[in-house]
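Here is a friendly walk through one model, with an eye to its metal sites and to one of its sheets. Please keep the viewer open as you read.

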Amino acid sequence: MDYNAFPGPGRFYKGCLHTHSTRSDGKLTPGESLSLYRRLGYDFAALTDHNVMNRERFGMPDDFLVLPAMEFQTDYYEDSKRTKCHHFVVLPRGDGGFAHDERMENDAFTGPEDAQRTIDRLARGGNLVMLCHPVWSNTDFSDYGGLRGLFAMEVFNTSCQNKYSIGLSDSRWNDMLRAGARMWAAAVDDAHSVPHMGQGWICARARELSHAAIIESLENGWFYASTGPEIHEFFVEDGEAVVRCSPCRNVYLRSDRIGCGRQVVHSESGGMLPEARFKLAAGVRYVWAECVESEGRIAWSQPIWLEE
Ligand SMILES: [Zn+2]
Ligand SMILES: [Zn+2]
């Protein structure tokens, strides 16, 4: 059977799913932050201030979409010190059960059952829920590996990378895929100030630039995550995975298997290849692609599940 990671109609829209403003602990006002993203070539952004829902457009022109959003926190305490946490980006499909400017207390987090209750409550209310920066959150597999109902995990977080060198979490995402979770990968800035803006984003294939169409794209995984490269196509045909992307040094195919991270030299000597092709081993459950530019910037495809 053949599979295509971007079956939806339309075009790609560049977006920011996680950033902060003076509505919580960010340095820029909402209008300054959104305007800067627009100047950086983004088509949409979600202002995800801590525990406070945003539904305003802050005067942005019609060519820029502001997704209703917030970042919701749960904290784990030992001896009255916070030792780990879960943060979730919350994206309402409709009203999501939250009014504009509604402020929330942190949920309790004493174990994975609490975190699952938080996700279930947010999802039942009509929200997409994404797990943020799991490395910075200091959680381990026993905390996040069994969580279900998340639409995505951050595989890259600019602020965590720039400040603490712990922004990359694609291996944790792959651990969850291998454990049976069905969820997508996102790259985000989580910016609290200008130096951390515009370095991690998603490109969502959607029929139009509207809240409903972008949510549809996010739910269905018709997007990719990136810190630089573009992924134009990712599909499986005749037992091969095919990746077409902007000029990259290497393209890797990742899966649930050991030894499946095969490398294809994509540009250097001999020029640019039009595509990377990987023969699929029998029994592989899912595959996803990682495209790496010569400067080291990365794009991550979503998984294609081969077993359904
Ligand atoms: Zn956070
Ligand atoms: Zn944040």
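## Two zinc sites and a sheet

Along the chain, the donors of the zinc ion (ligand 1) are spaced as E-x15-H-x45-H. Before going further, please note that this is a predicted model. The residues behind that pattern are Glu71 (OE), His87 (ND1) and His133 (NE2), which coordinate the zinc ion (ligand 1) at 2.0 to 2.2 Å. His87 belongs to strand E6 (residues 81-92), while His133 sits in the loop between strand E8 (127-131) and helix H3 (141-144), so this pair ties together parts that are 46 residues apart in sequence. His87 has a relative accessible area of 4% and is buried. His133 also counts as buried, at 4% relative accessibility.

Now for the other metal. The zinc ion (ligand 2) takes its donors from His18 (NE2), His20 (NE2), Glu71 (OE) and Asp190 (OD), at 2.0 to 2.2 Å. Their spacing along the chain reads H-x1-H-x50-E-x118-D.

The two sites can be set side by side:

| Site | Donors | Distances | Spacing |
|---|---|---|---|
| Zinc ion (ligand 1) | Glu71 (OE), His87 (ND1), His133 (NE2) | 2.0 to 2.2 Å | E-x15-H-x45-H |
| Zinc ion (ligand 2) | His18 (NE2), His20 (NE2), Glu71 (OE), Asp190 (OD) | 2.0 to 2.2 Å | H-x1-H-x50-E-x118-D |

Why is the arrangement of the four donor atoms around the zinc ion (ligand 2) irregular? The angles they subtend run from 82 to 170°, and that spread makes the arrangement irregular. For comparison, four donors count as tetrahedral if all angles lie between 85 and 135 degrees.

Which residue bridges the two zinc ions? Glu71 does, and the zinc ion (ligand 2) and the zinc ion (ligand 1) lie 3.5 Å apart. Distant parts of the chain are linked here: His18 is in strand E2 (residues 11-19) and Glu71 in strand E5 (residues 70-78), with their positions 53 residues apart. His18 and Glu71 are both buried.

Let us turn to the sheet. Four strands, ordered E1-E13-E14-E17, make up an open sheet with antiparallel pairing. Strand E1 (3-4) and strand E17 (276-279) are at the edges with a single partner strand each, so one side of each has no neighbour in the sheet. Strand E13 (residues 231-237) pairs with strand E14 (residues 240-245) over six bridges in the antiparallel sense. Within this region, Val236 stands opposite Ala241 in E14. In general, strands of a sheet pair through backbone hydrogen bonds, either parallel or antiparallel.

Definitions and conventions
Residues are numbered from 1 along each chain as its sequence is written. Chains are lettered from A and ligands numbered from 1 in the order in which they are written. This is a predicted model: local features need pLDDT of at least 70, side-chain atom pairs count only at pLDDT 80 or more; totals for chains, interfaces and linings use all residues. Side-chain values use heavy atoms; hydrogens and water are left out. Donors are N, O and S atoms within 2.8 Å of the metal (3.2 Å for Na, K and Ca); water is not among the atoms, so sites may look incomplete. Four donors count as tetrahedral if all angles lie between 85 and 135 degrees; four count as square planar and six as octahedral if opposite donors are over 155 degrees apart and all others between 65 and 115; anything else is irregular. Helices (H or I, at least four residues) and strands (E, at least two) are DSSP runs, numbered from the N terminus. Buried means under 20% relative accessible area, exposed over 50%, partly exposed in between (1.4 Å probe, protein chains only). Two strands pair if DSSP finds at least two bridges between them.
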